[in-house]
Amino acid sequence: MRSKEEKSRQIEGLESMKSWLPEFNVFGDNNYDEINIQIDVIEGRTDSDGVEIEYDDVELAYSYALSAEDWLSGNSDEDLFETR
């Protein structure tokens, strides 16, 4: 399990992506859904099973939730966020 500091760093990094990432892509998909899903998983508000009922693109939502769960469990050390 990740420390409170590690979780905070990921959340801050994910939130910072909203400053340069447009909310919607050229196809009309909400780019912020990925960020919000991963933050919700890190904060324990949902998991990969819970996102299936909340988002239109179930496969994509499930994928984002799984990546956050992998990070939380220590199966991945890659940051969930990108920087510019």
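Q: What makes Glu-6 and Arg-2 a salt bridge?
A: Their closest N and O atoms are 3.4 Å apart. A salt bridge needs a side-chain nitrogen of Lys or Arg within 4 Å of a carboxyl oxygen of Asp or Glu. The value of 3.4 Å is within that limit, so the pair counts.

Q: How do you know what kind of model this is?
A: This is a predicted model, where local features need pLDDT of at least 70, side-chain atom pairs count only at pLDDT 80 or more, and totals for chains, interfaces and linings use all residues. Residues are numbered from 1 along each chain as its sequence is written, and side-chain values use heavy atoms, with hydrogens and water left out.

Q: How do you know what confidence the predictor has in the chain?
A: Look at pLDDT, the predictor's confidence in each residue, from 0 to 100. The chain averages 92, and 95% of the residues score at least 70. Among the elements, helix 1 (residues 4–17) has the highest mean, 98, and helix 3 the lowest, 92. Helices here are DSSP runs (H or I, at least four residues; strands are E, at least two), numbered from the N terminus.

Q: Why is Arg-2 called buried or exposed?
A: Its relative accessible area is 14%. Buried means under 20%, exposed over 50%, and partly exposed in between (1.4 Å probe, protein chains only). Arg-2 falls under the lower cut-off, so Arg-2 is buried. Its partner Glu-6, at 33%, lies in between, so Glu-6 is partly exposed.

Q: What makes Asp-77 another partner of Arg-2?
A: The closest N and O atoms of Asp-77 and Arg-2 are 3.1 Å apart, which is a salt bridge. Asp-77 lies in the segment after helix 3 and Arg-2 in the segment before helix 1, so the pair ties together parts that are 75 residues apart in sequence. Asp-77 itself is exposed, at 65%.

Q: How do you know that Arg-45 and Glu-43 form a salt bridge?
A: The closest N and O atoms are 2.3 Å apart. That is within the cut-off, so the pair qualifies. Arg-45 is exposed at 53%. Glu-43, at 41%, is partly exposed.

Q: What joins Arg-2, Glu-6 and Asp-77 into one network?
A: These residues are linked by salt bridges that share partners. The whole structure has six salt bridges.

Q: What makes Asp-29, Asp-56, Asp-57 and Glu-59 a patch?
A: The four gather in a patch of negative charge on the surface. Asp and Glu count as negative, Lys and Arg as positive; His and the chain ends are not counted. Patch members have over 30% relative accessible area and no salt bridge; like charges are joined within 9 Å, nonpolar side chains (Val, Leu, Ile, Met, Phe, Trp, Tyr) within 5 Å.

Q: Why can Asp-57 belong to a patch, judging by its accessible area?
A: Asp-57 has 42%, so it passes the 30% mark and counts as partly exposed. Asp-57 is found in the loop between helix 2 (32–42) and helix 3 (58–73).

Q: Why is Leu-21 called buried or exposed?
A: Leu-21 is at 19%, so it counts as buried. Leu-21 lies in the loop between helix 1 and helix 2. Ser-19 lies in the loop between helix 1 and helix 2 too. Ser-19, at 65%, counts as exposed.

Q: Why is Asp-33 called buried, exposed or partly exposed?
A: Its relative accessible area is 26%, so Asp-33 is partly exposed. Asp-33 lies in helix 2. The C-alpha atoms of Asp-33 and Tyr-64 are separated by 9.0 Å, though the two are 31 residues apart along the chain.

Key. Accessible areas come from the Shrake-Rupley method with a 1.4 Å probe; for residues, only the protein chains shown count as cover. The place of a charge is taken as NZ of Lys, CZ of Arg, CG of Asp or CD of Glu.
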